[in-house]
Amino acid sequence: MTTAIAAPKCLVCDTEFEVQADWEKGEITECTACGQEHEVVEKNAAVVRLDLAPEVEEDWGE
Ligand SMILES: [Zn+2]
């Protein structure tokens, strides 16, 4: 009962991501090769799609 999900690839360097079971839509994950952050934009039993994560400035204030 192995459902093979096609591994999403880094949009920058084409390195395959290892699909994590706990990924959810909106999850931010980092390419292990180039460090580019990607956002999980779609995840279901059949497909995982990533997009470049929007650059978010971490401004938590004081
Ligand atoms: Zn990469």
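Two strands are taken to pair if DSSP finds at least two bridges between them. The exercises below apply to a predicted model.

**Exercise 1. Which secondary-structure elements does the chain contain, and in what pattern do they follow one another along the sequence?**

Solution.
- Step 1: The inventory is 0 helices and 3 strands.
- Step 2: Along the sequence, these elements give the pattern β-β-β.
- Step 3: The strands are β1 at residues 28-30, β2 at residues 37-43 and β3 at residues 48-52.

**Exercise 2. Determine how the strands are paired, and identify the bridge partners of I28, E42 and E39.**

Solution.
- Step 1: Take β1 and β2, which pair in the antiparallel sense over 3 bridges. Within this pairing, I28 has E39 of β2 as its bridge partner.
- Step 2: Turn to β2 and β3, an antiparallel pair held to 5 bridges. Here R49 in β3 is the bridge partner of E42.
- Step 3: Return to E39, which stands opposite D51 in β3. E39 is thus named in two pairings, with I28 and with D51.

**Exercise 3. In what order do the strands lie in the sheet, and which are the edge strands?**

Solution.
- Step 1: The 3 strands form an open, antiparallel sheet in the order β1-β2-β3.
- Step 2: β1 and β3 each pair on one side only and are the edge strands.
- Step 3: With direction ignored, neighbouring strands of the sheet are turned against each other by 45° on average.

**Exercise 4. How many residues lie between the strands of each hairpin?**

Solution.
- Step 1: In the hairpin formed by β1 and β2, 6 residues lie between the strands. The turn includes G35, whose phi is positive at about 85°.
- Step 2: The hairpin from β2 to β3 is joined through 4 residues.

**Exercise 5. Are D14 and E18 buried or exposed, and what is notable about the phi of D14?**

Solution.
- Step 1: Locate the residues. D14 lies in the segment before β1, and E18 is also placed in the segment before β1.
- Step 2: Apply the cut-off, by which a residue is exposed if 12 or fewer other C-beta atoms lie within 10 Å of its own.
- Step 3: D14 counts as exposed because it has 10 C-beta neighbours inside 10 Å. E18 has 9 other C-beta atoms within 10 Å and is therefore exposed.
- Step 4: Consider the backbone. Most residues other than glycine have a negative phi. D14, however, is a residue other than glycine with a positive phi, near 70°.
- Step 5: For E18, note the separation from A6: their C-alpha atoms are 9.8 Å apart, with the two positions 12 residues apart along the chain counted as their separation.

**Exercise 6. What are the overall dimensions of the chain, and what percentage of its residues is buried?**

Solution.
- Step 1: Taken along the principal axes, the C-alpha atoms fill a box of roughly 50 × 25 × 15 Å.
- Step 2: Of the 62 residues in the chain, 10% are buried.
- Step 3: Among contacts with a separation of 6 or more, 24% are between residues 24 or more positions apart.

Terms used: Residues are numbered from 1 along each chain as its sequence is written. This is a predicted model: local features need pLDDT of at least 70, side-chain atom pairs count only at pLDDT 80 or more; totals for chains, interfaces and linings use all residues. A residue is buried if 20 or more other C-beta atoms lie within 10 Å of its own, exposed if 12 or fewer, and partly exposed in between; C-beta atoms are placed from the backbone. Axes are lines fitted to C-alpha atoms, for helices over the stretch in contact, and angles run from 0 to 180 degrees between N-to-C directions. Two residues are in contact if their C-beta atoms, placed from the backbone, lie within 7 Å.
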